[in-house]
Amino acid sequence: MDFSNKVFLFCQKIPSGKVTTYSELARVCGSKKAVRAVGNILNKNRDFNNVPCHRVVCKNGEIGGYVFGTKKKKDLLKKEGVIFVNETKVNLDKCLFRF
DNA sequence: AGTAAGGCGGGCA
DNA sequence: GTGCCCGCCTTAC
C-alpha cells in the first residue's frame, strides 16, 4: 500500500517534457527489483487522472505498454516535449528525469 | 540475439 | 484470511 503510494507520488513529480524508467521508479520506491509490481500498480489503478503514468517508460527507452495504447502514450509524450529517437523510443539522454 | 527465469505488490478466487 | 496468478519489466543464461 505504501509502495504504490510512493509510485504515484513520484510519478506526479515528473515534470512535463521529462520521463523516467520503471527501474528508477522502483528504485526510489524502495525495491529496485519491483519494476513489475510498479507496472502492475499503474495498470490496475490507472490513476491517469492523478498520475501521469505515460511519463514512465522502459529502461531502454521504449514506451513499453499503456492502458490507452502505446500510440496514445507516445502522442502524449510528444506533446509534452519529450524527444523521440523514433516512433517507439524516447531519448532518455535528453528527457530522463532522475530523482 | 533470443529465451527463460526472476522478485514484488495488487487483485481476484 | 490465505493463496495464486498476473503485469506498462529487467537481468542473466
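Me: So a polar contact is a pair of N or O atoms within 3.5 Å; within protein, one must be able to donate a hydrogen and the other to accept it, and residues adjacent in sequence count only if both atoms are side-chain atoms. How far is an N or O atom in the side chain of Arg36 from a base nitrogen of DNA strand C?

Reply: The distance is 2.5 Å. Before we go on: this is a predicted model, where local features need pLDDT of at least 70 and side-chain atom pairs count only at pLDDT 80 or more, while totals for chains, interfaces and linings use all residues. Residues are numbered from 1 along each chain as its sequence is written, chains are lettered from A and ligands numbered from 1 in the order in which they are written, and side-chain values use heavy atoms, leaving out hydrogens and water.

Me: Okay! Which other residues make polar contacts with DNA strand C?

Reply: Try Ala37, which has a polar backbone atom 3.0 Å from a base nitrogen of DNA strand C. Ser23 goes for the backbone of the DNA instead: a polar side-chain atom of Ser23 sits 3.0 Å from a phosphate oxygen of that strand.

Me: And which residues come nearest to DNA strand C?

Reply: "Near" has a cut-off: one of the residue's heavy atoms lies within 4 Å of the strand. There are 16 residues around DNA strand C, and Tyr22, Arg36, Asn43, Lys59 and Gly65 come nearest. Looking from the DNA side, sugar and phosphate supply 43% of the atoms of strand C that come within 4 Å of the protein.

Me: Which element gives the largest share of that surface?

Reply: Helices (H or I, at least four residues) and strands (E, at least two) are DSSP runs, numbered from the N terminus. Here α3 gives the largest share of the surface near DNA strand C, with 6 residues.

Me: What about DNA strand B: which elements give two or more residues to the surface near it?

Reply: Those are α1 (2-13) and α3 (35-45), and α3 again has the largest share, 6 residues. Arg36 shows up here too, with a side-chain N or O atom 2.6 Å from a base oxygen of DNA strand B. Ser4 has a polar side-chain atom 3.3 Å from a phosphate oxygen of strand B.

Me: Now the inside. What is in the largest nonpolar core?

Reply: In soluble globular proteins, nonpolar side chains tend to be buried together. A nonpolar core is a set of buried Ala, Val, Leu, Ile, Met, Phe, Trp, Tyr and Cys residues joined through side-chain atoms within 4.5 Å. Buried is under 20% relative accessible area, exposed is over 50%, and partly exposed is in between (1.4 Å probe, protein chains only). The largest core has 18 residues, and Phe3, Val7 and Cys11 are among those with the most contacts inside it. Its largest share, 5 residues, comes from α1. There's also a second, separate core of 10 residues, including Val19 and Phe84.

Me: How many disulfides does the structure hold?

Reply: A disulfide is a covalent bond between the sulfur atoms of two cysteines. The test used here is a pair of cysteine sulfur atoms within 2.5 Å, and the count is 0. Cys53 has its nearest cysteine sulfur, that of Cys11, 6.6 Å away.

Me: Why does Cys58 make no bond with Cys53?

Reply: Because its sulfur is 13 Å from the one in Cys53, the closest cysteine sulfur, and that's too far for a bond. Cys58 is partly exposed at 22% relative accessible area, whereas Cys53 is buried at 8%.
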